[in-house]
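Hi everyone, thanks for making time for this. I'd like to walk you through one model today, so please have a look at the screen.

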Amino acid sequence: MRYSNTAGHLAALLTVLIWGTTFISTKILLVAFQPVEILFLRFVIGLLALLLVCPRRLRGTSKKQELTFAMAGLCGICLYYLMENIALTYTMVSNVGVIISVAPFFTALLSYLIHKEEKPNTNFFLGFAVAMAGIFLISFNGAKLELNPIGDLLALLAALVWACYSVLTKYISGYGYPTILTTRRIFCYGILFMIPTLFFFDCKLELTRITNPVSIFNLLFLGLGASALCFVTWNFAVKLLGAVKTSIYIYMVPVITVITSFLVLHETITPLAALGTLFTLAGLFLSEYQHQKEGEKIGTAK
């Protein structure tokens, strides 16, 4: 049990470490690509990578299971990223960063309503408040707070959609199929749902843009690392830890972004950003503490 928990925490940590650095590649690619084009290409690359790693087919699924895979693809692959990217065109990046981080709260509520065993406790809500205060300090460090109803609502919906994806992957983990195969099936449905949006946004995937060395490197990073690897490790973590405990790691994404900005882009870490980082990490550990104590009690009872 302890080994499984450790593996789950390491998988979740690896996932957010990579997700926290993806903004650099996305920022570079946005010069030549539309947001939808980047999403489509990265998940197609991710799907091809998973096919190479594990070419065998997922067999024996029921109609109900396929519906769950389809809903996970719609929520976690298509809707979440589209809403997040469209939100960025309407509101400030800092707004989106803070609002998206509400996802663990939604995950806890949905998990409690659907999986009664994952009831959010006092420590979770206290940790959520502390972490959100930290993320607010990081995101609005030196920036003016400006609300935009359309963009902020889209970001909030994106957070809710990601919570739905986390709960759906909890169901999928109970089917007993290999994580790589289930992730690949989710990718397939997500890409299918994404195809109509390419026509809606009038995308033109020109070969000259895709074959550019800089584009190739960043698309491979997003496709192989942030998509293929990270969705497998995230789903693996949900399988071992549950949706609520895994979702808490989302708090770390803004922290990793700040550190990456300092190391790669040589941006200054201001006192407010440093304080926000400490608050966010404190909130994460506070939310995790009660879960850890409960896990120890279960282990003692066994």
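Let me begin with a single residue, Ser166: with a relative accessibility of 0%, Ser166 counts as buried. One thing to keep in mind as we go is that this is a predicted model. Ser166 sits in helix α8, which covers residues 149–173. What does Ser166 touch, if we don't count residues up to four places away in sequence? The answer is Thr107, Trp234, Val238 and Ala243. There is also Ser111, 55 residues from Ser166 along the chain, and the C-alpha atoms of these two serines are 8.9 Å apart.

Now let's step back to the whole chain. How many helices and how many strands are there? We have 14 helices and zero strands, so if you follow the elements from the N terminus, you read α every time. Of the 302 residues in the protein chain, 52% are buried. Taking contacts with a separation of 6 or more, 90% of them join residues 24 or more positions apart. As for the outside, the accessible surface is about 14600 Å², and carbon and sulfur atoms hold 72% of that.

On to the core. The largest nonpolar core has 79 residues, and the members that touch the most others are Trp19, Phe43, Trp162, Tyr165, Phe231, Trp234 and Tyr251. You'll remember Trp234 as one of the contacts of Ser166. Let me pick out Tyr251 from that group. Beyond four places in sequence, Tyr251 is in contact with Ser101, Pro104, Phe124, Phe128, Ala131, Ile135, Thr280, Leu284 and Ser287.

Several of those names bring us to helix α7, residues 122–139. Its 18 residues should span 26 Å at 1.5 Å a residue, and the C-alpha atoms at its ends are indeed 26 Å apart, so the two agree. Which residues of α7 are buried? They are Asn123, Phe124, Gly127, Phe128, Ala131, Met132, Gly134, Ile135, Ile138 and Ser139. These cover an arc of only 165 degrees around the axis, which means that they lie on the same side of α7. Among them are Phe124, Phe128, Ala131 and Ile135, which Tyr251 touches.

Right after Tyr251 in the numbering we meet helix α13, residues 252–264. This helix has 13 residues and reaches 18 Å from first C-alpha to last, close to the 18 Å expected. Its buried residues are Met252, Pro254, Val255, Ile256, Val258, Thr260 and Ser261. Just after α13, His266 takes a positive phi of about 60 degrees, so do have a look there when you turn the model.

A few words on cysteines. Searching the whole structure turns up zero disulfides. Cys78 is in none, and the nearest cysteine sulfur, in Cys75, is 9.5 Å away. Why is there no bond between Cys164 and Cys75? Their sulfurs are 5.2 Å apart, which is too far for a bond, given that a disulfide needs the sulfur atoms within 2.5 Å. Is each of these cysteines buried or exposed? Cys78 is buried, at 3% relative accessibility, whereas Cys164 is partly exposed, at 28%.

Cys78 also leads to my last residue, Thr197. The two are 119 residues apart along the chain, yet their C-alpha atoms are separated by 9.3 Å. Thr197 belongs to helix α9, residues 179–200, and counts as buried at 13% relative accessibility. Apart from neighbours within four places in sequence, Thr197 is in contact with Val36 and Leu82.

That's my tour, thank you for listening!

Definitions and conventions: Residues are numbered from 1 along each chain as its sequence is written. This is a predicted model: local features need pLDDT of at least 70, side-chain atom pairs count only at pLDDT 80 or more; totals for chains, interfaces and linings use all residues. Side-chain values use heavy atoms; hydrogens and water are left out. A nonpolar core is a set of buried Ala, Val, Leu, Ile, Met, Phe, Trp, Tyr and Cys residues joined through side-chain atoms within 4.5 Å. Buried means under 20% relative accessible area, exposed over 50%, partly exposed in between (1.4 Å probe, protein chains only). Contact means heavy atoms within 4.5 Å. Helices (H or I, at least four residues) and strands (E, at least two) are DSSP runs, numbered from the N terminus. The expected span of a helix is 1.5 Å times one less than its number of residues. The arc is that of the directions from the helix axis to the C-beta atoms. Accessible areas come from the Shrake-Rupley method with a 1.4 Å probe; for residues, only the protein chains shown count as cover.
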